[in-house]
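Hi,

Here's the structure I said I'd pass along. Have a look at it first, and my notes come right after.

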Amino acid sequence: MTAAIEIDGLVKEFGRNRAVDGVSLTVPAGTVLGLLGPNGAGKTTIVRMLATLIRPDGGRARVAGHDVVEEALQVRSRIGLTGQYASVDESIPGWDNLYMIGRLLRLPRRRARALADELLERFRLTDAARRLPRDYSGGMRRRLDLAASLVGDPEVLYLDEPTTGLDPRSRNELWDMVRDLVARGTTVLLTTQYMEEAEALADRIAVIDRGRMIAGGTAAELRARVGGQMLRVRPGDGADLADVARRLSAAGEGTATVDHAEGLVCLPLARPGDLTAAVHVLTDSGVAMDALDTHTPSLDEVFLTLTGGVPTEGRTTG
Amino acid sequence: MTATLLTPPDRTGKEVRAAARRVGPRAAVGHALAIARRNLVQLRYDPSQLLDATLMPMVFTLIFVYVFGGAIGGNQADYRQYLIPGIMVQVASFAAQVTGVALNLDFSTGVMDRFRSLPIARSAVLSGRILADLCRLALGQAVILLFALAIGFRMHTNPLCVLGALALLMLYGLSLSWIAAFVGLAIRSPQAVQSMGFLWMIPLQFGSSMFADPGTMPGWLQAFAQVNPTTLVVDTCRGLLVGGPVAGNLFGALAWTCGILAVFAPLAVRQYTRRA
Ligand SMILES: Nc1ncnc2c1ncn2[C@@H]1O[C@H](COP(=O)(O)OP(=O)(O)O)[C@@H](O)[C@H]1O
Ligand SMILES: [Mg+2]
């Protein structure tokens, strides 16, 4: 497999602050890399260097085979960028945003027009085509931003915290759109503060903190280190929690624990079949249940495990 | 995660750097036109950009003709003939203000990131802005001229002279746009750009023959007014529109215009490349 992004010892300093401190990683073409880290970890700075917006102070990066410093123009013609703070043009309507980019990319007028229509349709923005983005909802603005970054049919797409601030429905919609892109063969570099999002979209995850990569691997590999999904069961009033825990432990690889204060029984889900087995056991036991959910470790919990401390800059909502 | 995947660039550094920066001139024109179109679309959704260069000068015209006209010019009809060429120069300077404010605004929003991540000429945002602003200026001149005719202004020269006056106004407006572009790019805060813009405009406008005959001003102000480019451009336009001497003022006006362009265009471009 060829690498779409190759980063080697990338460094960026702002004054005396080393925002990115020697990050190296490789993203194979057609895969999704999730850059996971808290606020201030250096995610945006990495993306901006890869998008040729700022120059690295050290190390090198190649995108689609071209050096981001020496061959900025070639890199620019192969990437799409959806910035953390949406980079749509608020001063002109949605359709004109897309048409303008088509024209800037030297598409003939007719092609640029058709593409703008097509992308608006695909991102369900046709009704908002003539409205200014400042009147859009957060989800619509993100979709327009994504559409705008796709006008040039990029090989590599950067999504910087694409769902931060979105409601769950818009978030799921955006996830589906990203999956759709990946299915078409686009390489995606995604930054996020949410473990759940990295798991949902990324083939591989790089965890960064204070400009350094502190862990990397597939979601499963990280989960093995961090502790993966947890099944949480709240049996009805009067149920024997210890008994439920015993039964659940028998069903899965892990050992169920009881949280008496909360009235919860928790079972770590180690293998893919564990959840199904646990649900079977619960059904067979006939115990009435008030609530049941699965819980993904939050970024805080991931950090607690990986670094023994919480994220450095401002705790994040998981 | 290692350096082994990295291969050195297959061309020499110098060549590669050139290729990474070079956009052909035809492409660069295409980029500028695409940005200019965007700036003109902006006008439809934010007409206030247009009001500065149309409504404001109309208000000035009405106030000066009907409130001060009798006092300054003896009677309103004569003063109207005196004032209108000055107002047309005012249109050019108000229109230029928007160039700086709009550029500053572009740089303070996320859209610049998008532009800079596209394979386009670095100059596109600046040249597109100036192109669109020339269109805006032409529109402003057309509007104010029609308004002036409607309230009784009359031209006493031939159409060629009128075209000459309009051409000079466009050229002078272009040079002012470059000053405004420099100010808009050199200063970070949009509010500061706005106030700075008016600050350097006021002496240029009032310390000139735009509204009143400099002959009635104190000596030091007269000296300033006589070398003020506004005076030279206004007096040239007076000559070209309502009659009178042209040649002497025209020379000075063109010299100033070229001088401003020669100084401020490179300054603005430098400031722009620093930030872009
Ligand atoms: N333009 C800048 N000037 C100075 N410091 C910056 C700049 N951009 C980012 N930083 C600093 O670099 C660090 C990393 O920031 P950033 O890359 O935005 O993190 P993230 O995207 O992971 O939240 C932070 O400490 C931030 O304050
Ligand atoms: Mg960020």
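Below is what I found around the ligand, followed by a few words on one glutamate. Keep in mind that this is a predicted model.

Let's start with ligand 1. Twelve residues surround it, and the ones that come nearest are G40(A), G42(A), K43(A), T44(A) and T45(A). Some of these make polar contacts with oxygen atoms of the ligand. For G40(A), a backbone N or O atom sits 2.6 Å from a ligand oxygen. G42(A) also uses its backbone, with a polar atom 3.0 Å from an oxygen of ligand 1. With T45(A) it's the side chain: one of its polar atoms is 2.5 Å from a ligand oxygen. On its own, ligand 1 would expose 560 Å², and the protein buries 63% of that.

Which elements give two or more residues to the shell around ligand 1? They are strand 2 (17-28) and helix 1 (43-50) of chain A. Helix 1 gives the most, with three residues. By character, the shell splits into six polar, four nonpolar and two charged residues.

Now for the glutamate, E196(A), which you'll find in helix 7 (residues 195-201) of chain A. Is E196(A) buried, exposed or something in between? It counts as partly exposed, because its relative accessibility is 35%, and that lies between the 20% and 50% cut-offs. Beyond its neighbours within four places in sequence, E196(A) is in contact with R171(A), W175(A) and T296(A). Its C-alpha is also 9.9 Å from that of Q229(A), a residue 33 positions away along the chain.

Cheers

Conventions. Residues numbered from 1 in each chain as written. Chains lettered and ligands numbered in written order. Predicted model: local features only at pLDDT ≥ 70, side-chain atom pairs only at ≥ 80, totals over all residues. Heavy atoms only, no water. Helix = DSSP H or I, 4+ residues; strand = E, 2+ residues; numbered from the N terminus. Buried < 20%, exposed > 50% of the residue type's maximum accessible area, 1.4 Å probe, protein only. Contact = heavy atoms within 4.5 Å. Near = heavy atom within 4 Å. Polar contact = N/O pair within 3.5 Å; in protein donor to acceptor, adjacent residues only side chain to side chain. Areas by Shrake-Rupley, 256 points an atom, 1.4 Å probe, with all protein chains shown as cover. Nonpolar A, V, L, I, M, F, W, Y, C, P; charged D, E, K, R; others polar.
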